[in-house]
Amino acid sequence: MLALTELGQRLRQERESKGLSLEDLQKLTKIQKRYLLGIEEGNYEVMPGKFYVRAFIKQYCEAIGLDTDAIFEEYKSDIPSTQTEDMPQQLSRVRSRKEIPQHTKGVSKAYDYLPTVLVVAGVVVVGIIIWVIAQNIVSDKNKEQANQEAPNSEVQQSNTQEETNETTAKNDNSKSEDEQSAADKKEQEKEKAEKEKAEKEKAEKEKAEKEKAEKEKKDSGKQEYKEVQKTGRSATYALSGTDAFNLEVTSTQADTWLDVKNGKGNAFFSSILKKGETKEFDLTKETEARVNIGYSPGVELKVNGKAVDLPFDASKQVRQVVTIQYQPAEAQ
């Protein structure tokens, strides 16, 4: 195994202090694990090219919350500068006339006769079209003459058949109308039942939401969430005046590492919280909860449905640890 460079050792220590494995970092940065390991070991030869070294180090730093410019300045001796790689000169595909095979000369001579062949083919096609049109005209005249000479009996038989068809059609239509009427009635009854069911579900949902809102309003009127202390990247808050302790954590900008434990160190969640994902925790039976956020920009916290601010400016303190001490109202 290669010896760690000062930069690699600094990055690995910062990653491990956040509780991130190389697999976790691979998910956050979309950089293959072997390249991340190469950065930590200073083994830049595994990179796909020198250009990628600086880009991968920059993404690594951003993912664990380090100042990229400061890192590049402090460890510039460990980071190779980018170099423009020479592009291979393209080979010419142009061949001189001397290189053209001699057997193509026969093909060129055949092209001299092509216009004559096309003219002859065109004349043949026009002749065929004229013949087809003439045959169609003669056929139409013969059909017209045959229709004029048809016996009156055939006309009468045709009329009788038409009357029979009309009667049958009327009966079929009447039957179809009755069937359609029954189908429409059945469909209307089905729609009515579905509408009544939807209205009932809507009323029940509105009632439940109203009761929940009233309860939250009642609790929020007494709920108190105040800061106890701040130090480094950690802060402690006291939650009181409520009989519930529900925590919501949402990441709106990027994936982040999230670790939620109680005061005894038992973990409720310890994994990547994806962008746009929300996790809810019922901590009513706990007296303390510790929330470790690996990448705080865009992370929102709610306590009992009420948004609370993070203790530090996310642009200055990427990783933040929030401890909430809970005392139920009935115990006060």
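A residue is termed buried when its relative accessible area is under 20%. The model shown in these views is predicted.

**View 1. Surroundings of S251 in strand β3.**
S251 belongs to strand β3, which spans residues 246-251. With a relative accessible area of 0%, S251 falls under the 20% limit and is therefore buried. The side chain of S251 comes within reach of the backbone oxygen of A254, at 2.4 Å. Beyond the neighbours within four places in sequence, the contacts of S251 comprise T256, L273, K274, K275, G276, E277, G298 and V299.

**View 2. The open sheet that contains β3.**
Four strands make up an open sheet in the order β6-β3-β8-β9, and their pairing is antiparallel. The edges are occupied by β6 (278-282) and β9 (306-308); each has a single partner strand, so one side of each lacks a neighbour in the sheet. Ignoring direction, neighbouring strands of the sheet are turned by 25 degrees against each other on average. The antiparallel pair β3 and β6 is joined by 5 bridges. Within this pair, N246 is placed opposite D282 of β6.

**View 3. The largest nonpolar core and its helices.**
The largest nonpolar core holds 25 residues, of which L7, L11, I39, M47, I57, Y60 and I64 touch the most other members. At least two residues of this core come from each of α1 (6-17), α2 (22-29), α3 (33-41), α4 (50-64) and α5 (68-74). The greatest contribution is that of α4, which provides 7 residues. In general, nonpolar side chains of soluble globular proteins tend to be buried together.

**View 4. Contacts of L7, and the second core.**
When residues up to four places away in sequence are not counted, L7 touches Y44, I57, I71, Y75, D78 and I79. A second core, separate from the largest one, consists of 24 residues, among them L258, F269, L273 and V303.

**View 5. The buried side of helix α2.**
Which residues of α2 are buried? They are L22, D24, L25 and T29. These residues lie on the same side of α2, because the arc they cover around the axis is only 155 degrees. An α-helix has 3.6 residues a turn, so residues three or four places apart point the same way. The cover over the buried residues of α2 includes the helices α1, α3 and α4, together with the strands β4 (256-262) and β5 (267-273). After α2 comes K30, which has a positive phi near 65 degrees.

**View 6. The hairpin of β1 and β2.**
Strand β1 (residues 224-231) pairs with β2 in the antiparallel sense, over 7 bridges. In this pairing, Q229 is found opposite T236 of β2. The two strands, β1 and β2, form a hairpin with 2 residues between them, and in its turn G232 has a positive phi of about 60 degrees.

**View 7. Strand β2 and its pairing with β10.**
Strand β2 covers residues 234-240, and 6 of its 7 residues are buried, so β2 is largely enclosed by the rest of the structure. Strand β10 (residues 320-326) runs parallel to β2, and 6 bridges join the two. T236 of β2 stands opposite T323 in β10, while Q229 is opposite T236 in the pairing of β1 with β2.

Technical notes. Residues are numbered from 1 along each chain as its sequence is written. This is a predicted model: local features need pLDDT of at least 70, side-chain atom pairs count only at pLDDT 80 or more; totals for chains, interfaces and linings use all residues. Side-chain values use heavy atoms; hydrogens and water are left out. Buried means under 20% relative accessible area, exposed over 50%, partly exposed in between (1.4 Å probe, protein chains only). A polar contact is a pair of N or O atoms within 3.5 Å; within protein, one must be able to donate a hydrogen and the other to accept it, and residues adjacent in sequence count only if both atoms are side-chain atoms. Contact means heavy atoms within 4.5 Å. A nonpolar core is a set of buried Ala, Val, Leu, Ile, Met, Phe, Trp, Tyr and Cys residues joined through side-chain atoms within 4.5 Å. Two strands pair if DSSP finds at least two bridges between them. Axes are lines fitted to C-alpha atoms, for helices over the stretch in contact, and angles run from 0 to 180 degrees between N-to-C directions. The arc is that of the directions from the helix axis to the C-beta atoms.
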